[in-house]
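Please examine the sequence and the structure shown below. The paragraphs that follow lead through several of its features in turn.

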Amino acid sequence: MTSGPESREGGRNEVDDRIDVTAIFADLWRGKWIIIGLTIIAAMAGVLYAKQQPDLYNAEALLVAPGAGGPSSDGRLQGLAGLAGVDIGGSGVTTAAIAQQVLRSGPFLTAFINRHDYAPELVAATGYTPGDGFEYDAERFNAADRTWRSDDQGQSLEPDDRAAIGRLRSGLRMQSAGPGMFKLSFQSLSPAFAQEVVQNLVPALNDHMRDRDLVEAQRSVSYLEEKIEETSITGMRQVFFQLIESETRKIMLANANPEYVFETIDPAVKPRSPSLPNRQLIAMVATLSGALFGVLLVIALSFFRPSRPSKPAE
């Protein structure tokens, strides 16, 4: 059985806890106008910020890579090619996996931007108006004849490749959509430009990978033909002929298939509505942040408020 003083002490702690909670709610009620004011200010700031953000449109294409499941080269030929010093693939990395890395590589993106003259839209564009198209930085780029202006020292204001590549990379996404399936998307101020970039990227990537494999295959064939001339061993010559047949088959398939790595299942279309920004979410987060800040501010101020003298215990 507990003693009398301990029971009285426990009851006093419960009363103190109730008093503290009651005091906090009383402080919040006294500072309600601070909380309401900060909430309104934050909500207005959030709405204003959301309206100032430009619309961004996202165009997306669904692709399939038939050879993405794994290396397709014959294992026996791989061993023979290794002995001959020739690489015929099958190293464990698929062509689709290599293409995904090439898609974000500097040399590929530089050639792609220069081929289609996309630098002004990526670097100099400041806005977009439906019906009128892109709005450009007039002090940097002359939209009438699509030429870059010069500064006071006569130096061209044309950006370097890194600036254009960075802008293209920031809006470019490629992600898996299932076994052998990929989604390629690009985000831009202009819905038409976003669609155009995705539509041009797929054939450009296929052509790049085809040319790359063709050069490697032709180099391998030339190397194997030299080896055939150098050796008189019948077994080795048969091995080299088999390897040449494999590389020749690769060359024929590459030339016959325009969609060498990725086949387009669902092409990119011009988006009708922007994907970003989510203005409702921005306004809601700003409003909740203002309310939370108001509550914390009122509680903090309550600690500095002089406490009322307590009534003497009877």
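**From a surface residue to the core**

M252 lies in helix α9, which comprises residues 234-256. The model under discussion is a predicted one. Is M252 buried or exposed? A residue counts as exposed when its relative accessible area is over 50%; M252 has a relative accessibility of 57% and is therefore exposed. The residue may also be located with respect to L214: the two are 38 residues apart along the chain, and 9.3 Å separates their C-alpha atoms.

The next topic is a pair of helices. Helix α5 (residues 106-116) packs with helix α8 (residues 191-230) at an angle of about 125 degrees, and their axes are 11 Å apart. The two helices, α5 and α8, are therefore oblique to each other. Their crossing, that of α5 and α8, is right-handed. On the side of α5, the contact is made by F108, F112, R115 and H116, while α8 provides V197, N200, L201, A204, L205 and H208. By character, the residues in this contact of α5 with α8 comprise six nonpolar, three polar and one charged.

The interior may now be considered. The largest nonpolar core contains 55 residues, and L122, L184, F186 and F262 are those with the most contacts inside it. Helix α8 gives the most to this core, with 14 residues. Which residues does L122 contact, leaving aside its neighbours within four places in sequence? With those neighbours set aside, L122 is in contact with I113, A164, R167, L168, F186 and F193.

How values were computed:
Residues are numbered from 1 along each chain as its sequence is written. This is a predicted model: local features need pLDDT of at least 70, side-chain atom pairs count only at pLDDT 80 or more; totals for chains, interfaces and linings use all residues. Side-chain values use heavy atoms; hydrogens and water are left out. Axes are lines fitted to C-alpha atoms, for helices over the stretch in contact, and angles run from 0 to 180 degrees between N-to-C directions. Helices (H or I, at least four residues) and strands (E, at least two) are DSSP runs, numbered from the N terminus. Angles under 35 degrees count as roughly parallel, over 145 as roughly antiparallel, 65 to 115 as roughly perpendicular and the rest as oblique. A crossing is left-handed if the near helix is turned anticlockwise from the far one by less than a right angle, and right-handed if clockwise. Contact means heavy atoms within 4.5 Å. Ala, Val, Leu, Ile, Met, Phe, Trp, Tyr, Cys and Pro count as nonpolar, Asp, Glu, Lys and Arg as charged, and the others, Gly among them, as polar. A nonpolar core is a set of buried Ala, Val, Leu, Ile, Met, Phe, Trp, Tyr and Cys residues joined through side-chain atoms within 4.5 Å. Buried means under 20% relative accessible area, exposed over 50%, partly exposed in between (1.4 Å probe, protein chains only).
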